[in-house]
Amino acid sequence: GAGTGVILSSNGYILTNKHVVKDSTQLTVITSDGEMYDNVKVIFQDPFNDLAFLKVSNPKNFKPIEIGDSKTVKVGQSVIAIGNSLGQYQNTVTRGIISGTNRSITAQGSDQSVENLTDMLQTDAAINPGNSGGPLVNAGGQLIGINTAVTRGANGLGFAIPISAAKGVIKQLGRNDDQIQRAMLGVRYIAVNPAIAKDKKLSEKQGALITGSVIPGSSADKAGLKEGNGLEVGKAGSLSTLLSEYTVGDEVELVVKRGNQTITAKAKLQSAQN
């Protein structure tokens with residue numbers, strides 16, 4: 001199999017898609033200058049998203065990308081996708097615009113596995129098999145997304161995971177790779193849009209509506225969140241993506257709608273691995 005990755009640090013950390021490295025027994029990294037590395041280790045796979053982090057031993061001249069802020073992405077802005085198109089054409093560069101944000105898709109892998117992905121960036125920059133895991137960058141060359149999926153049978157319809165979804169893990173790289181953790185709040189929710197708001201008779205047209213039970217003993221439970229609460233998110237990303245910028249132990253402040261009341265609550269984020 002072949003895919004793409006993006007260099008995060010000069011000492012060998014690389015970000016790619018989880019499905020690119022899934023079930024692999026050996027990985028080889030080939031950089032744009034032709035260097036080949038066989039001593040590659042998968043150090044973390046996100047339990048909630050299609051992201052994986054790799055470590056190359058003894059890298060030469062690794063130049064990390066500058067990380068941007070996907071929360072500021074606007075529809076219509078110019079972007080560039082870079083990748084190993086079709087697994088044959090390395091360093092292929094395509095250009096387009098952001099066609100939409102906060103998209104939800106169902107992605108099917110080559111092994112017929114299915115994954116639901118939310119809060120995706122939609123772009124008309126050409127993304128092909130082999131581009132998976134590669135960078136989507138803005139006009140300033142900053143990383144704003146990880147190219148992940150293409151819609152078969154359609155033209156100009158590609159999707160990327162916003163880089164905000166990886167920032168919490170990126171902060172931990174190099175500390176102790178065996179103890180990297182993904183932060184979570186501990187709620188089951190649905191993303192609110194105008195149709196959901198009308199159906200549920202909600203006053204907010206965007207955000208996250210807690211559905212089902214709050215996980216007992218979780219950060220959300222300790223903060224007093226309950227089923228039916230609405231969290232004020234949506235403009236800058238989904239609840240999951242916004243939480244992904246934090247690490248385990250961080251305290252976040254939540255603005256919550258409960259009936260006609262607006263309350264604030266603080267939650268100390270827990271590990272998704274527990």
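Reader: With which residues is alanine 166 in contact, leaving aside its neighbours within four places in sequence?

Author: This is a predicted model, in which local features need pLDDT of at least 70, side-chain atom pairs count only at pLDDT 80 or more, and totals for chains, interfaces and linings use all residues. Residues are numbered from 1 along each chain as its sequence is written, and side-chain values use heavy atoms, with hydrogens and water left out. Contact means heavy atoms within 4.5 Å. Leaving aside neighbours within four places in sequence, alanine 166 is in contact with Leu15, Leu51, Phe53 and Ser244.

Reader: Which element gives the most to the largest nonpolar core?

Author: A nonpolar core is a set of buried Ala, Val, Leu, Ile, Met, Phe, Trp, Tyr and Cys residues joined through side-chain atoms within 4.5 Å; buried means under 20% relative accessible area, exposed over 50%, and partly exposed in between, with a 1.4 Å probe and protein chains only. The largest core has 24 residues, and Ala166 is among those that touch the most other members. Elements giving two or more residues to this core include S2, S5 and helix H2 (167-170); helices (H or I, at least four residues) and strands (E, at least two) are DSSP runs numbered from the N terminus. With three residues, the element that gives the most is S11.

Reader: How many residues does the other core, which lies apart from this one, have?

Author: The other core includes Ile210, Ala223, Leu225 and Val252. Its number of residues is 17.

Reader: Why is S11 largely enclosed by the rest of the structure?

Author: The strand S11 (143-150) gives residues to the largest core. It is largely enclosed because its buried residues number seven of the eight.

Reader: Which residue of S12 stands opposite glycine 145?

Author: Two strands pair if DSSP finds at least two bridges between them. Five bridges join S11 to S12, and these strands run antiparallel. On its other pairing, with S10, glycine 145 of S11 is the bridge partner of leucine 136. In S12, the residue opposite glycine 145 is proline 162.

Reader: Which residue's side chain is joined to that of threonine 241 by a polar contact of 2.7 Å?

Author: Threonine 241 is found in helix H5 (residues 239-243) and is buried, with a relative accessible area of 5%. It touches Asp119, Pro162, Ser164 and Ala165, not counting residues up to four places away in sequence. A polar contact is a pair of N or O atoms within 3.5 Å; within protein, one must be able to donate a hydrogen and the other to accept it, and residues adjacent in sequence count only if both atoms are side-chain atoms. The partner at 2.7 Å is aspartate 119.
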